[in-house]
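Student: Hi! Could you walk me through this protein? I'm new to reading structures.
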Amino acid sequence: MQLKPNAYRLNETVKGVETMTRFALAVLALASGVYTYLGVRGILDGSATFVFFAAIIYSAAVSVAIYAFWSFMLRFAPLVTSGVQRIGLFVVMAIGCAMIMAMSSWLNAAALAGSAATEQHMAVTLQGYAEDLDNAHANALSAQSLLPDVQRAAERFSGLAADERESGALTGTTGSGSVVQLLTQMGTQMNQLAATITGSREDVAAQFEQGSARLATMRELVSTPGAIEPRADAFQAEAVQLTAVIASLQQTGVAASVKRASADLSAGFIAPVADGSSADLANRQDQVMETVRASVAAQSAALSAAADEILAAPAVEQRRFVPLSSAEAVLRYWQDFIPSWAGAISIDLLPVVLVLVLMIVNDAMRKDSESLEEAENITAAEMLRAMALYRKMEAAGIDVATGQPKPAIEAEPVDLPEVAELPPEDDGTVTPINAAQRQRTDGPRPA
């Protein structure tokens, strides 16, 4: 059996935890101010003194605002009972929560995960630079795919020249004539083109190795522990050098040079004059040289088409590393730091739970107070006065339950025995009385 009503006990408990509530609210406001200071310090520019005092003032303003706002909510929200008023109060509380998040929570997240977010930005940029280097290297080496075709053409022309010289396979006459001279010239040009393609391979390999070394340095800067600001500065310097290497790789490609050389094979074809000793030999030499011209034109068209396919590949766009502050990095990569965001927001919005708890408790107290019987709240003096009043009402013939006078009870008639009349005495000193004529309502006889 409860010695005190539940509403009274709830009220006493709320009073008991009021000091703890204020202390908890002050600690939360202070913690939010500290992390806000750390976040503001990372985004302000200027002298060290200016940054320090500006961050202190802003964080103090945030702490005071949070404490004052939630103090108002804890005081007034539990006392409001109207539905419309409660909805209005909830709207105001939602606006206040949004303002607190705007001025504090994102800075708290920047303080909690700012360095990690900056490292994330560096890692993402590093991955982009690695892809750019690979693409530029692939584009530069794509011209190497033309080397087998060029070498085959050079070998074919050189082989035909040797066959014509030794056995007269084309004109039917052995010896070094105009046809051998033309075929040798075409073979030499093809060998020169093959040497150009082969020579570019060494330059591409050297530049790719230099770019790989830059990437390795950047990876170390991302993964090395320590302050993030100097690492970000060094990372930016390495990124500039790597961008130059990538641009150089794109200029090292020889596909355009191969296309121009292939066009020159056909456009700049110069056939020597037939030097045959007879008209028949000269005629055969002209026919073979015309065939060689057609073959050179076909080879030139094939190489030009292959070079066009290589040149049609999209060029690697130059990438720039844009350094971000810790707050900007947290906002950009917020999906990777959801736990930090949750902790930062919880510091500012945890008093919402306290407000809701107090509202529920106050509603319970109001409900219990309405259902209490008067006897549970009556004092001893009130009890004595009530008992005295009850006795007075009973004595006055008033019904306590209804407050109305009790109805009068009519007396039933009583049959009295007949009394024999006594004969009057002669002395005349006694007066006879008729007992039957006396009524109950008659007053007392006179003395």
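Student: Which residues form a nonpolar patch on the surface?
Tutor: Good place to begin! This is a predicted model, and in it Val17, Met20, Phe23 and Val27 form that patch. Together they have about 380 Å² of accessible area.
Student: Where does Val17 lie?
Tutor: Val17 is in the loop between helix H1 (6–16) and H2.
Student: And why does Val17 count as partly exposed?
Tutor: Because its relative accessibility is 38%, and partly exposed covers values between 20% and 50%.
Student: Okay, zooming out. How many helices and strands does the chain have?
Tutor: There are 13 helices and 0 strands. Reading along the sequence, you get the pattern α-α-α-α-α-α-α-α-α-α-α-α-α.
Student: What share of the residues is buried?
Tutor: The chain has 447 residues, and 32% of them count as buried.
Student: New topic: pockets. How much space lies in the second largest pocket?
Tutor: That pocket holds about 490 Å³.
Student: Which residues lie nearest its centre?
Tutor: Those are Gly42, Ile228, Glu229, Ser325 and Ser326, out of 21 residues that line the second largest pocket.
Student: Which helices each supply at least two residues of that lining?
Tutor: Helix H2 (18–43), helix H4 (83–141) and helix H7 (228–252) each do so.
Student: And how do the lining residues divide into nonpolar, polar and charged?
Tutor: For the second largest pocket, the lining has 9 nonpolar, 8 polar and 4 charged residues.
Student: Thanks, that helps!

Note on methods. Residues numbered from 1 in each chain as written. Predicted model: local features only at pLDDT ≥ 70, side-chain atom pairs only at ≥ 80, totals over all residues. Heavy atoms only, no water. 1 Å grid on protein atoms, 1.4 Å probe; cavity = no way out; pocket = protein on both sides within 12 Å on 5 of 7 lines; lining within 4 Å. Points joined across faces, edges and corners; volume = space filled by probe spheres on them. Helix = DSSP H or I, 4+ residues; strand = E, 2+ residues; numbered from the N terminus. Nonpolar A, V, L, I, M, F, W, Y, C, P; charged D, E, K, R; others polar. Patch = residues over 30% accessible without salt bridge, like charges linked within 9 Å, V, L, I, M, F, W, Y side chains within 5 Å. Areas by Shrake-Rupley, 256 points an atom, 1.4 Å probe, with all protein chains shown as cover. Salt bridge = Lys/Arg side-chain N within 4 Å of Asp/Glu carboxyl O. Buried < 20%, exposed > 50% of the residue type's maximum accessible area, 1.4 Å probe, protein only.
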